[in-house]
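Q: I'd like a close look at one part of this model. Could you walk me through how the strands are put together, and then zoom in on a single one?

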Amino acid sequence: MAKPESEITWQELEVGFVVKEPGSARCYRTGDWKSLKPVLERQLCVHCGLCYIYCPDMAYGLDPDGFFIADLYYCKGCGICAQECPTKAITMVPEEEA
Amino acid sequence: MAKRLGMEGSIAASEAVRLADTDVVAAYPITPQTHIVEHLSEFVNNGELDAEFIPVESEHSAMSVCIGSSAAGARTFTCTSSQGLALMSEIVYIAPCLRLPIVMILANRSLSAPISIWNDHTDVMSIRDCGWIQVFVENGQETFDHVLWAFRVGEDHSVLHPVIINMDGFILTHTIEPLELLDQESVDRFLPPYEPYLSLHPDKPVTMGCIAMPGLYTETKKAQDEALKASMPTILQGWKEFGDLTGRYYEPIEEYATEDAEVLFVTMGSFGGTACAAADIMRERGKAVGILKIRLWRPFPFEVFRKATQKAKTLIVIDRATSYGGPGGPVASELRAALYGEKKQPSVVNFIAGLAGRDVAPQDFEKMADIVLEGKAKTRQEEYQIYGVRE
């Protein structure tokens, strides 16, 4: 995977700003856009995966215990997961409080 | 031995595009560029040029096609003028950042309003900062030569930049003059086949023209500016090799009768020849006037310019465009900036002349010189005057 953009100097750019590596959008940190982040209350989670399905950034992935957890490197804090969660297990919390 | 012919500038230009074995021509007709496109279309129709001729529906599409074809690895040519360039301009800026060596002839014509089909430099000055290599030519021979030179330099992997050849509309596009074409063998020796540095191909997919977020845009612009400036040695080498082949050597700024001249005219394009004729007449009358002809507009040859002007007392810069409410014409304001801070600098007198085909004859150059020699010229900061305007 390529360097994060904040570390790339002008000399390191490919001629014509061409991207030669597929999947380079994976390097782009959209997680710093958010002011609220999703916090899961595990007792309420029924593992339905609706948060995973609805997430517009595909930030959700399964953790080893079988819970869907948002990768905060990508999560923009839109809150769709919390809105769609049928058991209200996800709460959007200001980043500085969590 | 090269053939010497009587030929219109536009036909000479299209002959050069044919001899360059161009792969794709995408253009929309507009006066006074039309003859170039017409002749290229005939070449393709007659089987004399094995190219895709794409008759697009607008100049915006013309440059879009050029970018696509150049990105796919095709040697690509287009030409336009005035309003066509204005419509094209959104796409013009994209080619140099993607480092695509398209060659474009700009048959210089004034911009509306009022509607005018005649020659000045307001069109090219509207895209001054587009990032292309930009040269001005003085006659049909130079146009022919510079098409070949532009492909040779632009496609060099040390350059990879698109090139605009500024050719004064009508004055050069529609004038028949004696000139020499090169034979195919000489052209092939000077101009190797185009080898793209990176190209769009399914075997090795890449992304061209992607988005840059605020974290990278600054770096791309720095890289683009440095790349354009770094093209200078290859630009000079291209002219040297062309001179060795043909005996016609070109320079970023060319001098005429400058040795003992305290007053120098600075011109671009077809004014150069008229100014030289005027210098001869003035010298017969004891006025030591010389001529500097700016051929290379971008990247601007700052060092060459400062060296060429260090002995002069006065520069008379003739602009063929106006910067409304600004610091005189665009050329003069840039030259003043290039001299700013130099220990010894000539005063810069700025005339705006020859707008929209208004004829400027050798005697007009003498009249402008007389205004300066009699101490009646405006020389302070942003001051300029429009030569020949009726008051």
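**Strands up close**

A: Let's begin with the open sheet in chain B: 7 strands, lined up in the order 3-2-4-5-7-6-12, with mixed pairing. At the edges sit strand 3 (52-54) and strand 12 (296-298) of chain B, each pairing on one side only. Going from one strand to the next, the twist averages 20°. Keep in mind that this is a predicted model.

Inside that order, take strand 5 (residues 103-108) and strand 7 (residues 163-168) of chain B, which are parallel and share 6 bridges. If you want a spot to click on, Ala107(B) stands opposite Met167(B) in strand 7 of chain B. As a quick reminder, strands of a sheet pair through backbone hydrogen bonds, either parallel or antiparallel.

Now for the zoom: strand 10 of chain B, residues 263-267. Is this strand buried or exposed? It's mostly covered, with 5 of its 5 residues buried. Both faces are covered, too: Val263(B), Phe265(B) and Thr267(B) are buried on one side, and Leu264(B) and Val266(B) are buried on the other.

Which strands does it pair with? One partner is strand 11 (residues 289-294) of chain B, joined to strand 10 of chain B by 5 bridges and running parallel. There, Val263(B) stands opposite Val289(B). Another is strand 13 (residues 314-319) of chain B, also parallel to strand 10 of chain B, with 4 bridges between them. In this pairing, Leu264(B) has Leu315(B) as its bridge partner.

The link from strand 10 to strand 11 of chain B is worth tracing by eye. Together with helix 11 (residues 271-284) of chain B, these two strands make a right-handed β-α-β unit.

Stepping back, chain B has 14 helices and 15 strands in its secondary structure. Its radius of gyration is 21 Å, close to the 21 Å that the globule rule gives for 391 residues, so chain B is as compact as a globular protein of that length. Along the principal axes, the C-alpha atoms of chain B fill a box of roughly 70 × 55 × 45 Å. Of the 391 residues in chain B, 49% count as buried. And among contacts in chain B with a separation of 6 or more, 80% come from residues 24 or more positions apart.

Last stop, the place where the chains touch: 13 residues from chain A and 19 residues from chain B take part in the contact. The chain A side has 8 nonpolar, 3 polar and 2 charged residues.

Terms used. Residues numbered from 1 in each chain as written. Chains lettered and ligands numbered in written order. Predicted model: local features only at pLDDT ≥ 70, side-chain atom pairs only at ≥ 80, totals over all residues. Contact = placed C-beta atoms within 7 Å. Nonpolar A, V, L, I, M, F, W, Y, C, P; charged D, E, K, R; others polar. Buried ≥ 20, exposed ≤ 12 C-beta atoms within 10 Å, placed from the backbone. Pairing = 2+ DSSP bridges. Right-handed = clockwise from strand over helix to strand, strands pointing away. Axes fitted to C-alpha atoms, helices over the stretch in contact; angles between N-to-C directions. Rg over C-alpha atoms; globule rule 2.2 N^0.38 Å.
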